[in-house]
Amino acid sequence: MKFSPILKVVTIPVLTLLTCIATSHTALADYLNSEGFGGNYRYELWSSDDNRSYYLKIWSKEASPNSKSYITTPTFESTREALIYFDCNYAEKSLPECPR
């Protein structure tokens, strides 16, 4: 009968620890930093929760904001890189940073 109280004493902290670990991984999320438009497209600029990587979601200007028909870009190391990518490839701007 002494096994049952020992099991409770060990099990509860272990389950609590596992729950905390699982919750910390689940709580990670991406964050919307900004949104805008250019040319025939609009974008949302998203960042990882640690602000180490950024990516764009790009829609046709006519598409509904709730439409799932968007393009997701590869990740960028800065917001500047992401916005230059959008301007060069979607907004049809001719910037010095744009590849020729």
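The following exchange examines how the descriptions of this predicted model rest on their definitions.

Colleague: What conventions apply to the residue numbers and values?

Modeller: This is a predicted model in which local features need pLDDT of at least 70 and side-chain atom pairs count only at pLDDT 80 or more, whereas totals for chains, interfaces and linings use all residues. Residues are numbered from 1 along each chain as its sequence is written, and side-chain values use heavy atoms, with hydrogens and water left out.

Colleague: What makes up the protein chain in terms of helices and strands?

Modeller: Helices (H or I, at least four residues) and strands (E, at least two) are DSSP runs, numbered from the N terminus. On that basis the protein chain has 2 helices and 4 strands, and the elements follow the order α-β-β-β-β-α from the N terminus on.

Colleague: Why is the link of Cys88 and Cys98 called a disulfide?

Modeller: The term requires a pair of cysteine sulfur atoms within 2.5 Å. For Cys88 and Cys98 the S to S distance is 1.9 Å, and therefore the pair satisfies the definition. The structure holds 1 disulfide. Cys88 belongs to helix α2 (residues 79-89) and Cys98 to the segment after α2, so that the pair, 10 residues apart, links distant parts of the chain. The angle about the S-S bond is -90°, and the link of Cys88 and Cys98 is left-handed.

Colleague: How do you know whether Cys88 and Cys98 are buried or exposed?

Modeller: Buried means under 20% relative accessible area, exposed over 50%, and partly exposed in between (1.4 Å probe, protein chains only). Cys88 has 19% relative accessibility and therefore counts as buried. Cys98, with a relative accessible area of 10%, is buried as well. Elsewhere in helix α2 are Ile84 and Asp87. With 17% for Ile84, that residue is buried; with 19% for Asp87, that residue is buried too. The C-alpha atoms of Ile84 and Cys98, 14 residues apart along the chain, are separated by 7.5 Å. Buried residues amount to 26% of the 100 residues in the protein chain.

Colleague: Which residues does Asp87 contact, leaving aside its neighbours within four places in sequence?

Modeller: Contact means heavy atoms within 4.5 Å. With those neighbours left aside, Asp87 is in contact with Glu92, Lys93 and Leu95.

Colleague: What makes the four strands a sheet, and why are β1 and β4 placed at its edges?

Modeller: Two strands pair if DSSP finds at least two bridges between them. There are 7 bridges between β1 and β2, 7 between β2 and β3, and 2 between β3 and β4, so each of these pairs meets the criterion. The result is an open sheet of 4 strands in the order β1-β2-β3-β4, with antiparallel pairing. β1 (31-38) and β4 (71-72) each have a single partner strand, so one side of each is left without a neighbour in the sheet. Individual positions include Gly36, whose bridge partner in β2 is Tyr43, and Arg42, whose bridge partner in β3 is Trp59.

Colleague: What lies between the strands of the two hairpins?

Modeller: The hairpin of β1 and β2 has 2 residues between the strands, and Gly39 takes a positive phi near 60° there. The hairpin of β2 and β3 has 6 residues between them, and Asn51 in the turn has a positive phi of about 55°.

Colleague: Why is β2 described as largely enclosed?

Modeller: Of the 7 residues of β2, 6 are buried, so this strand is largely enclosed by the rest of the structure. Helix α2 lies across β1, β2 and β3, running at about 165° to β2; axes are lines fitted to C-alpha atoms, for helices over the stretch in contact, and angles run from 0 to 180 degrees between N-to-C directions.

Colleague: Which residues make up the largest nonpolar core?

Modeller: A nonpolar core is a set of buried Ala, Val, Leu, Ile, Met, Phe, Trp, Tyr and Cys residues joined through side-chain atoms within 4.5 Å. The largest one has 10 residues in all: Tyr43, Leu45, Tyr54, Leu56, Ile58, Phe76, Ala82, Phe86, Tyr90 and Ala91. At least two residues come from each of β2 (41-47), β3 (54-60) and α2, and β3 gives the most, with 3 residues. Ile58 stands opposite Ile71 in β4. With neighbours within four places in sequence left aside, the contacts of Ile58 include Tyr43, Ile71, Phe86 and Tyr90.
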